[in-house]
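Reader: I am in my first year and still learning how to read a structure like this one. Could you take me slowly through the charged side chains that pair up, and then through what surrounds them?

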Amino acid sequence: MNGKTVGIISFIFIIYLLLGAVLFHFIESPNELAKMEEAKEMRVELMANLTDMLTDDQIETIVTNLLKITAAGVNFLNMNETSPTNWDINSAFFFSGTVVTTIGFGNNAPSTQMGRNFCIIYALIGIPLCGFLLTGIGEKLGILAKKLEAMFYDRVTCGYPTLLRLTYISILLVIGAIFFITIPSIIFMHVEGWKISESWYFCFITLTTIGFGDYVIGQRSDKGYTEFYKWACYVWIIVGMSFLALIISLLSDLMTDYAGKLREEQKQRLKQLKNLTGKQLTRLGSSDKKGIKGVEAGYHGDEDRVEEEDRDGNVEETPLDAGEKF
Amino acid sequence: MSLFRKAARLSELRKSSPNYSAMKVCILTVTFFLYLLLGSVMFHHLESKHQEQDFRFVIDRLGSFYEKHRHCIDPAEISQIVEVVLLACKDGFHHLDNTTDILNGNITDRWDLPSSFFFSATVVTTIGYGRLSPQTRQGRNACILYALLGIPLTAILLKEVGHMFKDKGILILTKIRQSLMKIHKSKTFITIATAVVGFLVLYCILICLPALVFSYTEGWSYQDAHYFCFITLTTIGFGDHVVGGNNDRVIYQNQWSKWAFKILITLYLLCGLSILAIVFNALSSGSENKFAELYKKRKQSGNEDVSVIEIKEDPKPGMIPGTDINL
């Protein structure tokens, strides 16, 4: 946990972001430019058809107004006297949920200043509250996961503990994917009228709380959603989020422990190096020995451990070892 | 020791027993549900009328427009325009602050490298504004895989940074505590006041100050910028306000300054989230000490009426149990 570790991780992180930049640019940019060309052509066509009746300014006014309205979340095409507004109690309830879970789809967002201020205060209290709830559920899921893990290790043995853990997490991920993504996706496909790939994408983006908002459940005014469906969705979001958080924490624990193991191996090598020259060091005096111990202590990231060094070079019990008990 | 302290200690111990925690989850669920109900009533009350006004505005304008030009246009043509516009919205064009760009046929690449970089950052931090979202099938699959790896990576980074600066965080909290002790020595006052002062300082550094910067660079009002910073750092990320949405701004004209600014805003995200991680770490290690203290005191006092239950650290709000990861 020292500066060097953070530096390395930060470096990897920056590279990862750059990788993402290149990846998304090459995948999405051509499509977007093509769409814009299409829009340009559509506009030319439209102008050609309507020029004798509408001036450029008039068209621009209509378009600008319509864009503003849609940006505010009004579903213009399906508008009629009985269509649900975006802020009826049901939708507002759903909106509150997207705030406190930090999903934040954005298809609805407060447009009044007071609404926004209230949103800030509401989130300040609501997000920790939601965190408490998710922690509670996460604990229960974690206990279940540990039981399954014990069962797993009873049946499977392998010389590589890290690989074993990774396998276990993958199995958990697959089971979770079935319950929290595949089954809901099929349901959404039928109820919302999406393709299976769109549903799958929606499930993932929602449960990780990324929440783009390009797909949102419950927005179609022509479909009658049953109460059961709505409640099932809410439960799905809460439990699914806890589960995904569990997976992510297991994965990052694994990555940290693996890094710790690598550090341990490096430390062993340093010890061997020290033993080779130990005889020469005893002649030099205690101050230099402390120097070597200080370097070794640096690997633990903790200067207080200096006095625990064993003559034989035995590995002392460190917190990192706990991870390798599997 | 006083009856009061005994009762308090017993309730602490009871809280760590497994039976109690099932009850805790139930109570939490009910509270959570009630809180959502509260929110729904409030937002409905605040927003519904305004939305209806927007609605009416469009209907009226279109209606009067049609009235004026009834002799030369029929409703089908207006529908035509509306449909074209809505198709554009489906592709995300309504997120552009400046619509004359499109109307003039000026095409700017919304997925150019600096923007994609920022997009990646919003994916791995789970903010997910939605202004830019993958429209192609490959893009979406790539996004899923990218997030599966990137979110744990970000989690590790924040955890490590949290650990690294945890001591400094505790130091600052202690300093605040000490300066407050000079004012008044009561324990409740100190605890509450430390929390309040700490929170205010944090809020200023993370939100109020950056909001000033953004209101300048983006040309927003201070309230809008403040709202943006808050929605961003909590990772809610609605997307109604996003830095870099207006390509007309001078800073975005030049590719280099665009890169520089996107990197800066990404740093803001990471620093903000890291500071939050540090705060959570500092607070949770504080509670560790409290429980260790509690356990020691119990042993010393020879309190035999309670069976030896292992005191489990109560997970801090927002934390995944057994780890230091902040949800």
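Author: Over all chains of this predicted model, a search of the whole structure finds two salt bridges. Side chains of opposite charge can pair when their charged atoms come close.

One of these pairs brings together the side chains of A:R116 and B:D224, with a distance of 2.9 Å from N to O. Because A:R116 belongs to helix α4 of chain A, which covers residues 113-155, while B:D224 belongs to helix α9 of chain B, which covers residues 222-233, this salt bridge joins two chains. As for how far solvent could reach these two residues, A:R116 has a relative accessible area of 10% and is therefore buried, and B:D224, at 16% relative accessibility, counts as buried as well.

A salt bridge is also formed by A:R165 and A:D257, whose closest N and O atoms are 2.9 Å apart. Here the pair links distant parts of the chain, since A:R165 sits in helix α5 of chain A (residues 161-192) and A:D257 in helix α7 of chain A, 92 residues apart. A:R165 has a relative accessible area of 10%, so this residue is buried, whereas A:D257, with a relative accessible area of 22%, is partly exposed; the reason is that a residue must be under 20% to count as buried.

Helix α7 of chain A, which holds A:D257, also leads us to the nonpolar side chains. The largest nonpolar core has 116 residues, and those with the most contacts inside it are A:F188, A:F202, B:F214 and B:F238. To this core helix α7 of chain A, residues 227-284, gives the most, with 15 residues, and from chain B the core draws at least three residues from each of domain 1 (15-91) and domain 2 (115-295). If we look at A:F202 and leave aside its neighbours within four places in sequence, A:F202 is in contact with A:F105, A:F188, A:W194, A:Y215, A:V216, A:I217 and A:W236. Another core, of eleven residues, lies apart from the largest one, and among its members are A:V63, B:F65, B:V82 and B:V85.

Finally, chain A as a whole has nine helices and zero strands. Of its 326 residues, 44% are buried, and among the contacts in chain A with a separation of 6 or more, 61% are between residues 24 or more positions apart. Chain A exposes about 17,000 Å², of which carbon and sulfur atoms supply 64%.

Note on methods: Residues are numbered from 1 along each chain as its sequence is written. Chains are lettered from A and ligands numbered from 1 in the order in which they are written. This is a predicted model: local features need pLDDT of at least 70, side-chain atom pairs count only at pLDDT 80 or more; totals for chains, interfaces and linings use all residues. Side-chain values use heavy atoms; hydrogens and water are left out. A nonpolar core is a set of buried Ala, Val, Leu, Ile, Met, Phe, Trp, Tyr and Cys residues joined through side-chain atoms within 4.5 Å. Buried means under 20% relative accessible area, exposed over 50%, partly exposed in between (1.4 Å probe, protein chains only). Helices (H or I, at least four residues) and strands (E, at least two) are DSSP runs, numbered from the N terminus. Domain bounds come from an automatic or database domain assignment. Contact means heavy atoms within 4.5 Å. Accessible areas come from the Shrake-Rupley method with a 1.4 Å probe; for residues, only the protein chains shown count as cover. A salt bridge is a side-chain nitrogen of Lys or Arg within 4 Å of a carboxyl oxygen of Asp or Glu.
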